[in-house]
Structures are given as structure tokens and as C-alpha cells.
Amino acid sequence: MANAAPEGSTMGNRYFTGMHKYKAAPGNISTCCEGQGTRLYASLPEYIYSTPSSGESTQLWINLFTASKFCTRGSSPICVEQQTQFPMSGAVRLLASCNAPSSELFIRIPGWATGIVQLSISDPAGTRTIKAQPGTLASIQLSKGNASIDFVLPMKLVAHEYTGFEQLAAGPRFAMRYGPVLLAVTGPWDEQSDCSVITLPKGDSPENPESWMLPIGEKPLHFRYAGYEWRPYFDVDVEGGLERFTTYPVVLTQQW
């Protein structure tokens, strides 16, 4: 999705995923990307929710988090509305209704969540709280009627050291993500290494970006350090070839 043309453009998809320096300009060049990309975008809603292959209407799996509505089929359907601004915020509210005496929701707790997720549930049976570990499914039994489920998916900055073939003499390179979102950095460029080279004070570590990358005010998923700014990869160089960036800057620590 980060390789789609900007909103309002008729130029289609990018053929290559540019992760360093520039994104290619999007274009319609009759590759499989145009057809497969179109099919992918149209199919994305199918992955938000899942139902049993048996057709049982009193069970529902919630796999992805986005503002949406869904109802199962059958004589006793479950209907769910998601209210969220994810990934700009980890807060999620689910409004559910069911006709069966007992229905069951399974909520995917992503493996990238950085702590236990606490789910607050309110339905005709009362108010209660359950906890779920990252990388698991939270199972919630619902009574007949209306229910609300509130939770926050905890997110933080995480560094990933580049271990691929294209190593630089300038030093180790680190990608940063926040929750599941890959960040790209713009700012000063070292022409010799053809990359951003960021130097941290002694005591700071590239592996602990939470200690030196600072959030930027009212701009979700935007962070800064010195003259550098990180923001979502999907939000950088959207036109292609106009904004120099990298997802793997060199990050060094002063030794004195």
C-alpha cells in the first residue's frame, strides 16, 4: 500500500519498493502489479474479520484494526462496529450486538504489542476485565444484547539492525518502527556514504530509540532527533523522486 500513487493520482502503482534514497515515480507500464495491486486493495476488507468454515454465526474473529462494521450470517448473527484511528492511535472500541444466548468473539492481540493488553467488557452480564498476552487470541463470551469492548494496543519505538549485503563503511544501520509501522527518516545527508549518518551522545544506544527519538507534538507517528525527522514510510516521498530519505540510516554512538 505504501507503493500506491498519491491519492487523486491516476498513475497506478510503483513496480519496485524503494527503501533508500528515493521512491520511483508511479506509472502505468502494463505489469502484473497493476492487476494484482487492484485485486489486493479490493480484497483487504476480507482480512479484517473471519467466521468459522462451518457457517456458525455465533463466533467471530477480529484480525485487523480499522474503522469498520461487520455482521455474521445466520439466524443469530453477531454485529460489530470498530471505532479506532489505528495505527495513529492504539485505542480500539468495539460495539457488538448478538441475538444468541451466548456468542464468542476472538480478538487477535498482535505479536508486536509491547505489553499485556487489558480489555474492558460491558454487556448485559455485567462489567469485567480480561488480560491477553501479545501473539495470542483474546476470547470473549458475550451475552445476548449489546456490548462494548475497549482496549489499547501498546506500541513503542523498536530498532532493527540491518544485516544485509549492502553494508556501509560509515557504520551500522538501523531501521525504526513504531508498533507495526515502518518509519523513514529525512534530514542531513552524508554524500560520501550516500546515507544519513546520525551520531548519538555517549550513553545513548541505537538499540534504544525511545531514549533519544522524541515525538513531534500533534503529529502522530512522527519523531525527531537533532535535524532528522522520522515519519511513516507510506507518508514519505509520495510523488516519487522528490524527497530523499532512508529507512536504514547509519546510527553511531560517540565513544568519548
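Which residues have the most contacts inside the largest nonpolar core? Before selecting anything, keep in mind that the structure in your viewer is a predicted model. Now select Ile107, Phe151 and Trp230, which are the residues with the most contacts inside that core, a set of 47 residues altogether. Colour strand 6, residues 91-109, as well, since the largest share of this core, seven residues, comes from that strand. As general background, nonpolar side chains in soluble globular proteins tend to be buried together.

Stay with Trp230 and display what surrounds it: leaving aside the neighbours within four places in sequence, Trp230 is in contact with twelve residues that can be picked out by name, namely Met176, Leu183, Ala184, Val185, Ile198, Trp212, Met213, Leu221, His222, Phe223, Arg224 and Tyr225.

Next, return to strand 6 and add strand 9, residues 136-152, to the selection; the two run antiparallel and are joined by 16 bridges. To find one place along this pairing, select Ala96, which stands opposite Ala147 in strand 9. Then select strand 7, residues 117-123, which also runs antiparallel to strand 9 and is joined to it by three bridges. Here Ile121 is a useful marker, as this residue stands opposite Ile149 in strand 9.

Within strand 6, the next stop is Ser103. Is Ser103 buried or exposed? With a relative accessible area of 2%, Ser103 falls under the 20% cut-off and therefore counts as buried. If you leave aside its neighbours within four places in sequence, the contacts of Ser103 are Thr58, Ile78, Cys98, Ile140, Gln141 and Leu142.

Move on to Ser148, a residue of strand 9. Ser148 counts as buried because its relative accessibility is 15%. Show its contacts, again without the neighbours within four places in sequence, and you will find Leu94, Leu95, Ser120, Ile121 and Ser122 around Ser148. To get a sense of scale, draw a distance from the C-alpha atom of Ser148 to that of Ser57, which lies 91 residues away along the chain; the separation is 19 Å.

The tour ends at the surface, where Leu40, Tyr41, Tyr47 and Leu64 should be selected together, for they make a nonpolar surface patch of about 330 Å². Of these, look at Tyr41, which is placed in helix 1, residues 32-43. Tyr41 counts as partly exposed because its relative accessibility is 31%.

How values were computed:
Residues are numbered from 1 along each chain as its sequence is written. This is a predicted model: local features need pLDDT of at least 70, side-chain atom pairs count only at pLDDT 80 or more; totals for chains, interfaces and linings use all residues. Side-chain values use heavy atoms; hydrogens and water are left out. A nonpolar core is a set of buried Ala, Val, Leu, Ile, Met, Phe, Trp, Tyr and Cys residues joined through side-chain atoms within 4.5 Å. Buried means under 20% relative accessible area, exposed over 50%, partly exposed in between (1.4 Å probe, protein chains only). Helices (H or I, at least four residues) and strands (E, at least two) are DSSP runs, numbered from the N terminus. Contact means heavy atoms within 4.5 Å. Patches are made of residues with over 30% relative accessible area and no salt bridge: like charges are joined within 9 Å, nonpolar side chains (Val, Leu, Ile, Met, Phe, Trp, Tyr) within 5 Å. Accessible areas come from the Shrake-Rupley method with a 1.4 Å probe; for residues, only the protein chains shown count as cover. A salt bridge is a side-chain nitrogen of Lys or Arg within 4 Å of a carboxyl oxygen of Asp or Glu. Two strands pair if DSSP finds at least two bridges between them.
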